[in-house]
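Visitor: Please take a close look at one part of this model for me. I would like to start from a single side-chain pairing and then work outward to the contact between the chains.

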Number of protein chains: 2
Amino acid sequence: MVVKVTIAQNILAVNETVAAEIRRTLAARGLRALNLMSSPGAGKTTLLEQSVRRLRPELRIAVIEGDIETSADAERIEAAGAEAVQINTRGACHLEAHMVRDALAKIDLTHCALLLIENIGNLVCPAAWDLGEEARVVVVSTTEGDDKPAKYPQMFAAAQVMVINKLDLLPYTDYDLEKVRRQALAVNPALRIFELSCRTGAGLDAWCAWLLEFARGSRYNGSSHTSS
Amino acid sequence: MVVKVTIAQNILAVNETVAAEIRRTLAARGLRALNLMSSPGAGKTTLLEQSVRRLRPELRIAVIEGDIETSADAERIEAAGAEAVQINTRGACHLEAHMVRDALAKIDLTHCALLLIENIGNLVCPAAWDLGEEARVVVVSTTEGDDKPAKYPQMFAAAQVMVINKLDLLPYTDYDLEKVRRQALAVNPALRIFELSCRTGAGLDAWCAWLLEFARGSRYNGSSHTSS
């Protein structure tokens with residue numbers, strides 16, 4: 001049986017409409033949103049935990065946690081001191097704007113200046129879906145191989161910022177930082193790069209300073225350079 | 001504009017038909033296929049390289065490499081001594097049976113007893129797509145967090161075998177092997193588990209012995225237990 005459905009282009013167009021609506025709503029509240037994407041296990045949640053802990057005195061942060069199953073991540077983020085809400089996609093491989101719109105209705109945004117959205121762990125599908133964010137961050141890690149920007153170029157082309165996490169494990173791998181930077185900048189010459197370790201804290205000062213500047217509405221995707 | 005297309009169920013049904021055809025073709029040649037899936041960077045390609053190198057004297061292996069872009073992986077596998085063909089999906093997040101059928105037409109299967117299919121690095125989407133394989137292997141690694149079976153249950157439910165890779169990096173992480181085993185077996189009590197390090201070679205003997213047994217058509221998904 002063949003059933004009529006709208007084509008994928010139409011589904012994406014509907015998503016764009018909802019994303020634009022989210023962007024207007026957030027702007028009206030003086031809130032800016034970041035969409036964080038990575039492979040499973042690159043360290044997005046730990047990066048958010050650390051960022052919330054460090055910025056809590058100066059900045060009230062809201063977090064939307066996307067996962068296929070479990071609410072473990074939202075609990076970690078709440079414990080770190082942010083407003084958090086969990087989206088469970090029950091199998092779906094990426095967040096969509098309508099999920100974010102529904103999640104925003106469940107979160108107290110009073111006095112929040114920054115919204116961090118942690119997408120499903122997936123280096124492919126989330127790149128195509130606008131969530132109403134102002135900027136996109138792709139997180140990679142030193143243990144996942146240094147060929148990811150060349151193998152998953154859409155994600156790196158769609159991001160404004162790349163975070164290279166797990167610097168502390170670099171001595172135990174053959175990960176080539178320079179190769180990753182080169183591959184990523186070949187795909188996206190304007191990419192801003194941070195290198196850090198959530199475990200040791202190395203590089204977190206520069207990252208948090210950028211987050212603060214971003215939340216304050218400063219220009220975020222300036223000249224491409226490395227801040228570690 | 002609304003365009004008529006078949007619904008997702010129909011697309012999956014067509015995929016099943018092509019997968020069944022592949023399964024019959026491979027069986028007629030005495031070939032058994034494994035579908036390897038994981039997050040980006042868990043070490044599928046390195047595991048295949050090591051397996052091909054170790055088994056080459058006894059077993060002729062054919063490999064289909066799935067990547068969104070680049071043919072780097074097929075080149076690595078050919079250098080290790082197997083027949084290899086690269087599929088580039090140009091953005092698509094998983095392999096489908098028709099891609100495998102087309103790839104099989106380009107590969108010399110003479111005297112091959114084992115076909116290894118490396119799927120796109122993605123812990124979500126590939127789980128839904130039958131490629132004509134006899135068994136599925138999900139590869140995880142000690143650096144990607146010990147919550148993956150709970151967060152991505154479909155993949156672990158769809159696999160017969162789980163490989164935990166990067167044992168050499170275990171001392172530098174807080175990865176809890178017992179938790180991963182427990183979570184994975186809760187989702188899939190019949191899962192066969194191997195723990196290994198492609199870097200040090202630990203655990204590769206047991207894995208390669210299993211591959212050999214699998215290629216010879218022995219029963220592969222026996223009692224669930226850990227072989228490291």
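Guide: Start with Asp130(B) and Arg23(B). Their side chains form a salt bridge, with N and O 2.7 Å apart. Arg23(B) sits in helix H1 of chain B, residues 8–28, while Asp130(B) belongs to the loop between strand E4 (114–118) and strand E5 (135–141), so the bridge ties together parts that are 107 residues apart in sequence. Side chains of opposite charge can pair when their charged atoms come close. This is a predicted model. Over all chains of the structure, a search finds 38 salt bridges.

Now the contact between the chains. Six salt bridges are counted between chain B and chain A. One salt bridge joins Arg199(A) to Asp174(B), where the closest N and O atoms are 3.9 Å apart. The pair falls under the 4 Å cut-off. Polar contacts also cross the interface: nine residue pairs qualify, both partners at pLDDT 80 or more.

Which elements of chain B give two or more residues to the side that touches chain A? They are helix H5 (148–151) and helix H6 (153–158). H5(B) gives the largest share, three residues. By class, that side of chain B has 17 nonpolar, twelve polar and eleven charged residues.

Next, the extent of the contact. Chain B contributes 40 residues and chain A contributes 41. Together the two chains bury about 3200 Å², and 59% of that lies on carbon and sulfur atoms. Three residues stand out on chain B: Pro40(B), Lys151(B) and Tyr172(B) supply 19% of the area it buries against chain A, more than any other three residues.

Then the symmetry. A turn of 180° with a shift of 0.0 Å along the axis lays chain B on chain A, at an RMSD of 0.0 Å. That is the relation of a two-fold axis. The interface follows suit: 100% of the interface residues of chain B are also interface residues in chain A, so the copies meet through the same surface.

Last, confidence. The model scores ipTM 0.89 and pTM 0.91. Chain A has a mean pLDDT of 92, with 91% of its residues at 70 or more. Two stretches of chain A need care. Residues 1–6 stay under 50, and the model gives them 13 contacts beyond four places in sequence. Residues 219–228 of chain A also stay under 50, with 29 such contacts. Where pLDDT is low, the predicted coordinates should not be read in detail.

Conventions:
Residues numbered from 1 in each chain as written. Chains lettered and ligands numbered in written order. Heavy atoms only, no water. pLDDT = per-residue confidence, 0-100. Contact = heavy atoms within 4.5 Å. Buried area = accessible area lost by both parts, 1.4 Å probe. Polar contact = N/O pair within 3.5 Å; in protein donor to acceptor, adjacent residues only side chain to side chain. Helix = DSSP H or I, 4+ residues; strand = E, 2+ residues; numbered from the N terminus. Nonpolar A, V, L, I, M, F, W, Y, C, P; charged D, E, K, R; others polar. Least-squares fit on C-alpha atoms with pLDDT ≥ 70 in both.
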